[in-house]
Amino acid sequence: MPRLFPVIGVDDIPRAVAFWTSALDLVVWEKSATPSWRTLEHADGSGPALGLMLSETPAERHPRIHLDLLVDTTEEQEAEIERLVGLGASRIDWDLYPPDSDFVVLADPDGNAFCVVDMSR
């Protein structure tokens, strides 16, 4: 059975590495590093977690696929949003929020949208 390995297209590999390694407590797998690619793996050595690929196309305003970062409480969601913004994420004006949404949409430093989801809601 194949395993899932998400890949994000980015404009700036070093900036993306700095953000996503800090955001998700990942490390670079140096064996696979090229000027246009980085594999990020779990810090505990349990395997690959995320690929970063240099992209020549802009980030999509409403991507069909995106990452959800899951937290357990509203307080944890608020703290995680502030931590991620401090790392370089930005709040975006999302026009598709449903009423009483359990998620907040942010963008990474390359403009890729992702969500922080409060699983208690």
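**Exercise 1.** Which strands each supply at least two residues of the lining of the largest pocket?

*Solution.* The model is predicted, so that local features need pLDDT of at least 70 and side-chain atom pairs count only at pLDDT 80 or more, while totals for chains, interfaces and linings use all residues. Residues are numbered from 1 along each chain as its sequence is written, and side-chain values use heavy atoms, with hydrogens and water left out.

Begin with the definition: on a 1 Å grid over the protein atoms alone, a pocket is an open set of points where a 1.4 Å probe fits, with protein on both sides within 12 Å along at least five of seven lines, and lining residues have an atom within 4 Å of a point. Strands are DSSP runs of E with at least two residues, numbered from the N terminus. The strands sought are β1 (7-10) and β8 (113-118), and β1 gives the most, with 4 residues. The lining comprises 25 residues, among them Val7 and Asn112, which belong to those nearest the pocket centre.

**Exercise 2.** Describe the setting of the Thr39 side chain, beginning with its accessibility.

*Solution.* Thr39 lies in strand β3 (residues 37-42). Because its relative accessibility is 7%, Thr39 counts as buried (under 20% relative accessible area, 1.4 Å probe, protein chains only). Next come the polar contacts (a pair of N or O atoms within 3.5 Å, one able to donate a hydrogen and the other to accept it): the side chain of Thr39 makes one with the side chain of Ser32 at 2.9 Å, and another with the side chain of Trp37 at 2.8 Å.

Notes. Buried means under 20% relative accessible area, exposed over 50%, partly exposed in between (1.4 Å probe, protein chains only).
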